[in-house]
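This report describes one protein structure for a reader who has not met it before. The sequence and the structure come first, and the description follows.

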Amino acid sequence: GTLEKEFLENFHKGRVAVSCGTKNSGKSYTALHYLNWCFDNDVYDHYFLCLPTFEYEQSDSYSFINDYKGKAKIVVFSGWYQMVIERIKSLPEHQSKLCFVDDATGGFRLNATQTELTFIAQIRHFNCSMWLIFHLLRNALPTTFRCCVDYLFVYLNTNRKGLESVYEEFV
């Protein structure tokens, strides 16, 4: 449809997406499907994948990534770290980058460092797009970051407080 087309045509232009929802609601599936599409279509020059369960994933949902190593510049981290920001910032601006953070709930917090907040606020200037996946958004993102979110995907969430927090933080 039209929204999917708009997303595929524009997300790589330094945009930020956030997905939130309960376990097994399709958050990671959708994002990984996009990632696979990016690999197939050579969308980005560099991929920074923060995947805490990459080594232990039992459903093999990340297995396709190994097929692309060597064909694309892919770096897999076990979490969101300061060095991810430094690596992205060190690359030439003209090279496109994707920072993908699965299960970001533990990595982003209201008391983010000034370096993290500055990076997020200026992410477009680094020619970097970012996709973060959360189980719960309640007080997870600093205001500076919420203002930079271009796409918000809300998946199955039957928790009233969880839905209220999405409303409070983004609407």
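What percentage of the 171 residues in the protein is buried? Buried residues make up 46% of them, where buried means under 20% relative accessible area, exposed means over 50%, and partly exposed lies in between (1.4 Å probe, protein chains only). The model is predicted, so local features need pLDDT of at least 70, side-chain atom pairs count only at pLDDT 80 or more, and totals for chains, interfaces and linings use all residues. Residues are numbered from 1 along each chain as its sequence is written, and side-chain values use heavy atoms, with hydrogens and water left out.

## Overall build

The protein contains 7 helices and 6 strands; helices (H or I, at least four residues) and strands (E, at least two) are DSSP runs, numbered from the N terminus. Along the sequence, they follow the pattern α-β-α-β-α-β-α-β-α-β-α-β-α. Of the contacts between residues at least 6 apart in sequence, 79% join residues at least 24 apart, a contact being heavy atoms within 4.5 Å. The accessible surface of the protein comes to about 9200 Å², and carbon and sulfur atoms account for 50% of that surface. Accessible areas come from the Shrake-Rupley method with a 1.4 Å probe, and for residues only the protein chains shown count as cover.

## Strand 5 and its partners

Strand 5 spans residues 128–134, and 7 of its 7 residues are buried. On one side of the strand are Cys128, Met130, Leu132 and Phe134, and on the other are Ser129, Trp131 and Ile133; both faces are covered.

Which strands pair with strand 5? Strand 1 runs parallel to strand 5 and is joined to it by 5 bridges, and strand 4 (residues 97–101) also runs parallel to strand 5, again with 5 bridges. Two strands pair if DSSP finds at least two bridges between them. In the first pairing, Ala17 stands opposite Trp131. In the second, Lys97 stands opposite Cys128.

## The second largest pocket

The second largest pocket holds about 290 Å³ of space. Of the 14 residues that line this pocket, Glu4, Phe7, Thr30, Tyr34 and Trp131 are the closest to its centre. Helix 1 (2–10), helix 2 and strand 6 (151–154) each give two or more residues to the lining. Helix 2 gives the most, with 5 residues.

A pocket is found on a 1 Å grid over the protein atoms alone, as an open set of points where a 1.4 Å probe fits, with protein on both sides within 12 Å along at least five of seven lines; lining residues have an atom within 4 Å of a point. Grid points are joined across faces, edges and corners, and the volume is the space filled by probe spheres set on the points.

## Tyr44 and His46

Tyr44 lies in the loop between helix 2 (27–40) and strand 2 (46–50). Is Tyr44 buried or exposed? With a relative accessible area of 5%, Tyr44 is buried. Not counting residues up to four places away in sequence, Tyr44 touches Phe11, His12, Tyr34, Cys38, Ser96, Lys97, Leu98 and Ser129. One of these, His12, is 32 residues from Tyr44 in sequence but 7.5 Å away in space, C-alpha to C-alpha. The side chains of Tyr44 and Tyr34 make a polar contact of 2.9 Å. A polar contact is a pair of N or O atoms within 3.5 Å; within protein, one must be able to donate a hydrogen and the other to accept it, and residues adjacent in sequence count only if both atoms are side-chain atoms.

His46 is in strand 2 and is buried, with a relative accessible area of 8%. Its side chain makes a polar contact of 2.6 Å with the side chain of Gln95. Leaving aside neighbours within four places in sequence, His46 is in contact with Lys73, Leu91, Gln95, Ser96, Lys97 and Leu98.

## Two loop residues with positive phi

The table sets out Asn24 and Asp42, which have positive phi values although neither is a glycine.

| Residue | Loop | Phi | Relative accessible area |
|---|---|---|---|
| Asn24 | between strand 1 (16–20) and helix 2 | near 65° | 72%, exposed |
| Asp42 | between helix 2 and strand 2 | about 45° | 65%, exposed |
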